[in-house]
There are 2 protein chains.
Amino acid sequence: MSRYDPSAFPPFAVTVDLVVLTVRDHALCALMVRRGEPPFQGFWALPGGFVRPDEGLIEAAARELAEETGLRTHGAPGTGPGVGAHLEQLATYGDPQRDPRLRVVSVAYLALAPDLPTPRPGGDVRSARWAPVEELLGRGKGDDGMLLAFDHTEILADGVERARSKIEYSALATAFCPEEFTVGELRRVYESVWGVQLDPRNFHRKVTGTPGFLLPAGGTTTRQGGRPAQLFRAGGATVLNPPMLRPDS
Amino acid sequence: MSRYDPSAFPPFAVTVDLVVLTVRDHALCALMVRRGEPPFQGFWALPGGFVRPDEGLIEAAARELAEETGLRTHGAPGTGPGVGAHLEQLATYGDPQRDPRLRVVSVAYLALAPDLPTPRPGGDVRSARWAPVEELLGRGKGDDGMLLAFDHTEILADGVERARSKIEYSALATAFCPEEFTVGELRRVYESVWGVQLDPRNFHRKVTGTPGFLLPAGGTTTRQGGRPAQLFRAGGATVLNPPMLRPDS
DNA sequence: GTAATAGTGTCTTTGAGACAATATTAG
DNA sequence: CTAATATTGTCTCAAAGACACTATTAC
C-alpha cells in the first residue's frame with residue numbers, strides 16, 4: 001500500500017480547540033463559549049474553529065485566541081514582554097464519533113493568560129465567560145461537573161492537568177501574572193492552580209533562590225494590603241531545576 | 001462565523017506517523033523506512049500512513065505499528081504482560097507546506113519497544129531498519145544528522161526528547177526491556193537513552209527503593225556475565241516520585 | 001494600638017552524589 | 001587464579017518541610 005496517495009485520501013475536517021486558562025478570585029478558570037446552534041445547542045464549549053487551508057495549526061490557534069480575547073501570543077511580532085498569553089499545543093482528538101455530523105480531527109491548544117481587565121472576554125456575538133474549572137470538571141466524589149459539548153470535558157481536563165504539571169518544572173506560572181507581580185501573587189497562582197495551600201516562607205525562599213525565575217522590577221506595591229511587597233517580572237528561565245514540588249501528589 | 005459548518009469545510013488529509021524507539025547494542029534506535037516513490041524518493045522516513053475514515057487516531061497508529069513490527073500495544077486485547085509496546089500520542093504537525101502535494105496534517109505517535117528478536121523489522125516490501133538516533137539526528141557540533149523525508153527530523157527529535165524526559169518521572173524505561181530483566185539491564189537502558197554513564201550502586205539503590213517500580217520475578221540470570229543477577233518484571237507503578245534524575249541537565 | 005501581608009532565619013529529614021568493600025559467577 | 005558484574009553500605013551535601021520571628025504598611 002502506498003503512503004500519501006494524493007489521488008485517493010479520505011477527507012477530514014480539521015479544527016483547533018482552545019483551553020484558555022486564567023486565575024480569577026483565587027480560582028483556576030477556563031474560557032467557555034455557549035453554542036448557538038446544533039449539535040449541543042445551548043451547551044458550553046471550548047472556543048475554536050476550522051483551520052484555514054493556508055494557515056498552520058498554531059497560527060489558527062493564535063487567531064482564534066485573538067478573536068476571543070484580544071490577547072496576542074508571546075513571541076508574536078510587535079508584542080512587548082509580559083503582555084500576551086502563552087500558547088502551546090496540547091493534544092489531538094479524532095474519535096470517529098466525536099462530531100455527529102462529519103469526521104472532525106481537532107488539534108487542541110493550551111493558552112495561559114493573565115487575569116484580563118475586561119470582564120466580558122468575548123469579542124463577537126456568542127456569549128462567553130470565565131468558568132471555574134472546579135465547576136466545569138467537578139470536585140470528585142460523585143461530582144462530575146457540567147456536561148460540555150462534544151468531548152470538551154476530556155480536552156479541558158487534559159489541559160488543566162497539563163497546566164498543573166507544567167508549572168512544577170517550568171516558570172510558566174508567571175504567564176498567569178501581570179507584567180509586574182509580587183512573590184505573594186505568584187504563590188496565589190500556584191495555590192489556585194493546584195488547589196492547595198503553600199507555606200509562604202518556603203515558597204519565598206524557593207522562588208527567589210532559583211536563578212532566572214524572577215527579575216527584580218525595582219518598585220513595591222501594597223495592592224494586596226499589609227507590608228509593601230517587592231515587584232518582579234518573569235526572568236528568562238524556562239525550566240525549573242530542581243522543580244517546584246506539588247504537595248500530596 | 002459559525003463553527004463546524006458541515007456544508008463548507010476545507011478538506012485535509014490526516015495521517016499518523018510513528019516514532020518507534022528501541023535500545024540495541026547500547027544505542028537508542030528508531031525504526032525507519034525507505035521511501036520508494038516521490039516526493040523524497042530514496043529518503044528515510046518514519047513509518048506511517050493515512051487514517052481510515054472509520055478508525056480512531058490511536059487505532060490507526062496501533063495498526064501501523066503492528067504492520068511494521070508485528071508488535072501489539074500494551075492493553076490491547078489478547079496481549080499478555082510484558083509483550084507489546086508502549087504507545088502514546090506525541091504531537092501533531094500541520095505546516096501547510098510540509099507535504100508538497102496536498103495539505104496533510106500528521107498526528108505523530110511515540111512507541112517504545114523492547115529489542116525485537118527479528119533483525120528485519122519490516123513486514124512488507126519496503127526496506128526498513130533500526131537506525132541509531134545519534135546517526136539520524138547528529139551529535140551536535142556541526143553534525144545535523146541525515147536528511148529525512150518531510151519534517152520527520154523534527155518529529156523524530158520531538159519523540160526522542162519526549163522519551164528522554166519521560167523515563168525521568170515515569171516507569172516507562174521498562175517498556176524497552178524484555179518481560180524479565182535485571183537491574184543492570186534497566187540501567188543500560190537509561191544510559192543508552194540518555195547517553196550518559198550512571199553509578200551502578202546509586203542506580204540499584206534508587207530503583208529497588210522505589211515502591212512499585214520493580215517486581216521480583218524469582219529467578220536469576222548470568223546472561224550479562226559476572227555474578228548472577230536477580231530478575232524483575234515491571235511493577236504496576238507508572239509515575240516515579242521522586243523522579244530519576246538525569247545528570248547534567 | 002490591631003490586622004494583614006512581606007521577608008529572614010533555624011532545625012530536621014529526605015534523598016542524591018561520591019565513593020569502598022564484598023559476593024558470585026565464567027573462564 | 002583473574003575478569004566481570006551484582007549487591008550492600010557509608011559519608012557528605014543539597015534542598016524540602018516545619019516551624020518562629022521581625023518588618024512595614026492600612027486602619
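How many nonpolar, polar and charged residues does the surface near DNA strand D have, by class? Let's work through that and a few related exercises.

Before starting, note that this is a predicted model, where local features need pLDDT of at least 70, side-chain atom pairs count only at pLDDT 80 or more, and totals for chains, interfaces and linings use all residues. Residues are numbered from 1 along each chain as its sequence is written, chains are lettered from A and ligands numbered from 1 in the order in which they are written, and side-chain values use heavy atoms, with hydrogens and water left out.

**Exercise 1. Describe the surface near DNA strand D.**

Step 1: collect the neighbours, taking a residue as near if one of its heavy atoms lies within 4 Å of the strand. You get 24 residues around DNA strand D, with Arg201(A), Asn202(A), Lys206(A), Arg201(B) and Gln230(B) the closest.

Step 2: sort them by class (Ala, Val, Leu, Ile, Met, Phe, Trp, Tyr, Cys and Pro are nonpolar; Asp, Glu, Lys and Arg are charged; the others, Gly among them, are polar). That answers the opening question: six nonpolar, eight polar and ten charged.

Step 3: flip to the DNA side. Sugar or phosphate accounts for 51% of the strand D atoms within 4 Å of the protein, and bases for the rest.

Step 4: look for polar contacts (pairs of N or O atoms within 3.5 Å; within protein, one must be able to donate a hydrogen and the other to accept it, and residues adjacent in sequence count only if both atoms are side-chain atoms). Asn202(A) puts a polar side-chain atom 2.9 Å from a base nitrogen of strand D, while Lys206(A) has one 2.7 Å from a phosphate oxygen. Arg227(A) uses a polar backbone atom, 3.3 Å from a base oxygen.

Step 5: assign elements, using DSSP runs numbered from the N terminus (helices are H or I with at least four residues, strands E with at least two). Helix 5 of chain A gives the most, with four residues.

**Exercise 2. Do the bookkeeping for DNA strand C.**

Step 1: again 24 residues surround the strand, and the closest are Arg201(A), Gln230(A), Arg201(B), Asn202(B) and Lys206(B).

Step 2: 49% of the strand C atoms within 4 Å of the protein are sugar or phosphate, the rest base.

Step 3: list the polar contacts. The side chain of Asn202(B) has an N or O atom 2.9 Å from a base nitrogen of strand C, and a backbone N or O atom of Arg227(B) sits 3.2 Å from a base oxygen. A polar side-chain atom of Arg205(A) is 3.4 Å from a base oxygen.

Step 4: name the top contributor, which is helix 5 of chain B with four residues.

**Exercise 3. Work out how helix 3 and helix 4 of chain A pack.**

Step 1: get the geometry from axes fitted to C-alpha atoms over the stretch in contact, with angles from 0 to 180 degrees between N-to-C directions. The two axes come within 9 Å and cross at roughly 145°.

Step 2: find the contact residues (heavy atoms within 4.5 Å). Arg164(A), Ile167(A) and Glu168(A) of helix 3 meet Tyr190(A), Val193(A) and Trp194(A) of helix 4.

Step 3: count by class, giving four nonpolar, no polar and two charged residues.
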